[in-house]
Amino acid sequence: MATREEVLEGLAEIVNEIAGIPVEDVALDKSFTDDLDVDSLSMVEVVVAAEERFGAKIPDDEVKNLKTVGDAVDFIVANV
Amino acid sequence: MVVTGIGAFTPLGGDAATFWEGLLAGKSGVRSLTEEWAAELPVRIAARVAVEPGEILPRPLARKLDRSAQFALIAAREAWKDAGYEAPATDEANPLAPERLGAVIASGIGGVTTLLDQYDVLKEQGVRKVSPHTVPMLMPNSPAANVGLEVGARAGVHTPVSACASGAEAIGYAIEMIRTGRADVVVAGGTEAAVHPLPIVAFSNMMAMSKNNEDPQHASRPYDKGRDGFVLGEGAGVIVLESAEHAAARGARVYCEAVGQGLSSDAHHIAQPEPTGAGVARAIDDLFARNELDKSEVVHVNAHATSTPQGDTAEIKALRRTLGEHLDHVAISATKSMTGHLLGGAGGIETVATVLALHNRIAPPTINVVDLDDDIEADIVRDEARKLPVEGRIAALNNSFGFGGHNVVLAFRTV
């Protein structure tokens, strides 16, 4: 079981790798699209990388609900 | 139309200035391929770009672009800046209206490395791992679209495809965009990134490539009796074309005039050049028929000359048929002897070379002509660069031909 902190840290590394955003800027209240330069295509990459890292399954129709980093952290923590 | 900006990302250098220096110095950009995948190939040489694009583009951007689009973007940024533009046309700081700006960038094969690499991912890592960026990376219009996004082009973004004539056809298309009033400024050129085992083997199995693996730097030898095919190169060349009025109104530096283009098609064979040069000759005739250009003004040709036995000869025959005795006063350069053949990128970098040849009034050399083919009855600039006439208005042609029988001749002239 990953803690919220561990999931946030992992997501921050993934977003850094994909969008080049500094890890410290990837905070819970940040919007993937508006704040972190993660467009819908790059979001698919974030999802696939997160699934691999945390062993979670994020269904395609769930992705549209993951607007902020906090949304993603909550979903992953609840579904691992 | 005039040329106000140039950019080049090539085997001889990562910008137009080092590219030009390399050409004048007669440097070869051809090297042995040391990658593991190359070990068993019949052809193990190529002219890779001198600078890796990953050293220039930030990783998050680079990973969303096919290598061919990376090259085009770098060359286009250089040309845009060189033309004196600081911001995209969509930015208020740039007085150029985006609706008056176009982008025409071509490649011969498109995002072939992306396509093949992602197929490997699918087979080896499964459905989920195929990149969601695959389609926008592999589509042949991707370099044009990405350059259009970069500069803010809204008059139209286009990608003509005609194999190894693609880059030249893109520049010809851009000339027509301005001539017909669709745009005031167009960013145009060609790019290619096909150094991958499949294209290499495919071209090699057509018997089109040099197999001189032991002596890479001397493998590309247009006009030499011992030439045995082309050497694959990669890179991009881009220019900024502008209506003369628009360039004058903003006080832009002008390299030369873009006079126009001549076009034809062979209807002869899917991959063989028409051996008498008749098809190429019709393109040259078309150029002179439709543009105000006098044959006597032409002092330099940047030839297509890929180093294949048939193609090099047919082109010279066509030049002789069309220019007659005047051809004896035309300095012919085959810069593929140094850069290798960039396929759809060739028309891009060779236009940059032609523009610089006129601007500096100097023709780059053709290297590796040890024993000139008897059939090449023309004045080839061999071994060392040669000065062009220092006085008066002079013009130069840039030839590009492609599999499928496409013939494109571009003409430029000093202002």
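Domain bounds, as used here, come from an automatic or database domain assignment. On that basis chain B of this predicted model is divided into domain 1, spanning 2–249, and domain 2, spanning 260–413. The C-alpha centres of domain 1 and domain 2 of chain B lie 21 Å apart.

The contact between these two domains of chain B involves 63 residues of domain 1 and 57 residues of domain 2. On the side of domain 1 of chain B that touches domain 2, the elements giving two or more residues are three strands and two helices: strand S1 (2–9), strand S6 (185–192), strand S7 (235–242), helix H1 (16–25) and helix H7 (166–179) of chain B. Of these, H7(B) gives the most, with 8 residues. When the residues on this side of domain 1 of chain B are sorted by class, 33 are nonpolar, 22 are polar and 8 are charged.

Chain A has 5 helices and 0 strands. Its pattern, read along the sequence, is therefore written with helices alone, as α-α-α-α-α. The radius of gyration of chain A is 11 Å, close to the 12 Å that the globule rule gives for 80 residues, so chain A is as compact as a globular protein of that length. Taken along the principal axes, the box filled by the C-alpha atoms of chain A is roughly 25 × 25 × 20 Å. Among the 80 residues of chain A, 30% count as buried. Of the contacts in chain A with a separation of 6 or more, 51% are between residues 24 or more positions apart.

One position in chain A carries an annotation. UniProt, in an unreviewed entry, places the feature "modified residue: O-(pantetheine 4'-phosphoryl)serine" at A:Ser40. A:Ser40 is found in helix H3 of chain A, which covers residues 40–54. A:Ser40 has 11 C-beta neighbours inside 10 Å. A residue counts as exposed if 12 or fewer other C-beta atoms lie within 10 Å of its own, and A:Ser40 is therefore classed as exposed.

The two chains also touch each other. In this contact, 8 residues of chain B meet 7 residues of chain A. The side of chain B that touches chain A divides into 3 nonpolar, 2 polar and 3 charged residues.

Technical notes
Residues are numbered from 1 along each chain as its sequence is written. Chains are lettered from A and ligands numbered from 1 in the order in which they are written. This is a predicted model: local features need pLDDT of at least 70, side-chain atom pairs count only at pLDDT 80 or more; totals for chains, interfaces and linings use all residues. Ala, Val, Leu, Ile, Met, Phe, Trp, Tyr, Cys and Pro count as nonpolar, Asp, Glu, Lys and Arg as charged, and the others, Gly among them, as polar. Helices (H or I, at least four residues) and strands (E, at least two) are DSSP runs, numbered from the N terminus. The radius of gyration is taken over C-alpha atoms; the globule rule is 2.2 Å times the number of residues to the power 0.38. A residue is buried if 20 or more other C-beta atoms lie within 10 Å of its own, exposed if 12 or fewer, and partly exposed in between; C-beta atoms are placed from the backbone. UniProt positions are given in the numbering used here, feature names are shortened, and annotations may be inferred rather than shown by experiment.
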